Amino acid sequence: MNILLVDDIATNRKLLRVTLEAEGYSTLEATDGVQALQILARETVDAVISDILMPNMDGFCLCHEIRKSEQLHALPFIIYTSTYTSPGDMKLAETVGADKYLTKPAPTATLLDALREVLDAQAAHPAPSAPVVEETYMLQQYSQALVHKLEEKNAELAQANQALKRSNEELQQFAYIASHDLQTPLRNISGFVQLLQSNYAEALDAQANDWIRRAVQSAEQMHKLIRDVLAYSRVDSQALSFQPTSFREVFTDAVAQLETSIRNAGGQVTCDELPTVTGDLPQLVELLQNLIENGLRYHGQEPPHVHVSAEPDGNEWVFSVRDNGIGIAPKHHERIFEMFRRLHNQQEYPGTGIGLAVCRRVVHRHGGRIWVESEAGHGSVFHFTIPERTIDT
Ligand code: ADP
């Protein structure tokens with residue numbers, strides 16, 4: 001008896017070959033449906049054992065082609081699969097006319113029994129001379145089964161999507177709670193170390209005072225990190241619905257928050273006329289505040305000047321935040337938007353590397369894009385877009 005083994009994975013074919021040859025069967029091998037049909041056209045084969053998922057032509061199509069064929073339609077056909085095991089797949093296998101449907105890896109005895117059974121059935125009822133399958137009916141059944149299978153896969157996808165969304169929400173919740181709860185002990189550490197500093201500075205030597213100073217600095221840095229991680233997780237966890245929002249108001253709020261920084265830097269922050277957009281006011285303030293603050297912080301010899309403007313472009317607004325600071329070399333333009341990505345150490349310019357990641361997240365939530373145009377030493381322009389939209393979120 002000659003059995004054709006169809007599987008794109010060589011190890012699977014080998015396993016079958018060894019099993020069948022030990023039982024006295026001889027075997028032929030094909031790596032997909034197309035190759036199987038070529039072999040069937042020139043060799044005498046008594047049964048086919050085929051995988052489903054294969055390149056060029058899958059097992060369902062191969063079976064369908066065989067059942068349609070004048071010469072081959074009665075050839076015993078066993079589907080042997082590890083991936084397609086749902087009720088929809090079994091229905092599809094039945095529809096295309098497979099005699100048996102086995103799930104990999106099947107015990108050797110099960111496999112051999114199935115093979116014997118289909119060969120015996122074939123011997124007991126020699127095939128009629130014409131294909132038993134009526135093509136239109138067959139196609140109808142086939143497409144129905146395919147639709148059924150698609151529905152099944154869609155339901156699986158929807159379920160997986162739901163699970164992903166849930167775990168994402170949980171993770172965000174976790175980030176929020178963890179950062180929030182870290183704040184209290186940190187405040188205590190920082191408070192006690194500062195007490196040590198103010199009450200015992202005289203009693204301690206220079207080395208001890210230096211250590212205390214460093215501890216205070218580290219606590220301050222950690223406080224900023226926690227504050228920024230919280231800001232990042234708030235973009236999704238504390239999002240407000242979109243409302244008509246005056247960007248002039250966004251600008252005024254952002255500048256008000258930065259009053260001290262502007263004064264300390266001896267800087268200037270100006271703007272053109274700004275439009276009204278549809279968005280989340282506190283988040284847009286945070287976005288603009290981060291960009292303006294960076295413009296003030298990353299300055300060179302000149303006192304910083306940051307200018308905000310907006311231009312319509314098709315159905316979106318393109319905002320620009322321009323500064324006269326140290327600039328950014330083009331090779332860093334993409335990466336600075338990643339979380340914790342910084343181009344300077346804390347001594348040169350202190351920071352957490354989270355501000356631009358927050359900006360990107362806010363812009364994405366509004367359906368826009370953000371990018372930078374800059375050269376080292378020649379100032380930077382951060383652009384972001386906010387699409388015009390009717391309120392639907
Ligand atoms: P942080 O400023 O806290 O480091 P950001 O995410 O806001 O974090 O910025 C990431 C990095 O991008 C900064 O460390 C800095 O090197 C660079 N950068 C951001 N804004 C500017 C700017 N306006 N001019 C020059 N460099 C900037």
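The following questions and answers concern aromatic pairs, salt bridges and surface charge in a predicted model.

In this predicted model, local features need pLDDT of at least 70 and side-chain atom pairs count only at pLDDT 80 or more, whereas totals for chains, interfaces and linings use all residues. Residues are numbered from 1 along each chain as its sequence is written, and side-chain values use heavy atoms, with hydrogens and water left out.

Visitor: How many aromatic pairs does the structure count?
Guide: Rings of Phe, Tyr and Trp (its six-membered ring) pair if their centres lie within 6.5 Å. By this rule the count comes to five aromatic pairs.

Visitor: Are the rings of F247 and F384 stacked, tilted or edge-to-face?
Guide: Planes under 30 degrees apart count as stacked, over 60 as edge-to-face and the rest as tilted. The ring centres of F247 and F384 lie 6.2 Å apart and their planes meet at 40 degrees, so the pair is tilted.

Visitor: Which parts of the chain does the pair of F247 and F384 link?
Guide: Helices (H or I, at least four residues) and strands (E, at least two) are DSSP runs, numbered from the N terminus. F247 and F384 are 137 residues apart, and the pair links distant parts of the chain, namely helix α8 (residues 247–257) and strand β12 (residues 380–387).

Visitor: Is F337 buried or exposed?
Guide: Buried means under 20% relative accessible area, exposed over 50%, and partly exposed in between (1.4 Å probe, protein chains only). F337 has a relative accessible area of 4%, and therefore F337 is buried.

Visitor: What is the closest N to O distance between E29 and R17?
Guide: A salt bridge is a side-chain nitrogen of Lys or Arg within 4 Å of a carboxyl oxygen of Asp or Glu. E29 lies in strand β2 (residues 26–30) and R17 in helix α1 (residues 10–22), so the pair ties together parts that are 12 residues apart in sequence. The side chains of E29 and R17 meet in a salt bridge, with N to O at 2.7 Å.

Visitor: Which residue forms a salt bridge with K68?
Guide: At 34% relative accessibility, K68 counts as partly exposed. The partner of K68 also lies in helix α3 (residues 59–68), three residues away, about one turn of the helix. With the closest N and O atoms 3.1 Å apart, that partner is E65.

Visitor: Where is K100, the salt-bridge partner of E117?
Guide: The closest N and O atoms of E117 and K100 are 2.9 Å apart. E117 belongs to helix α5 (residues 108–124), and 17 residues away K100 lies in strand β5 (residues 100–103).
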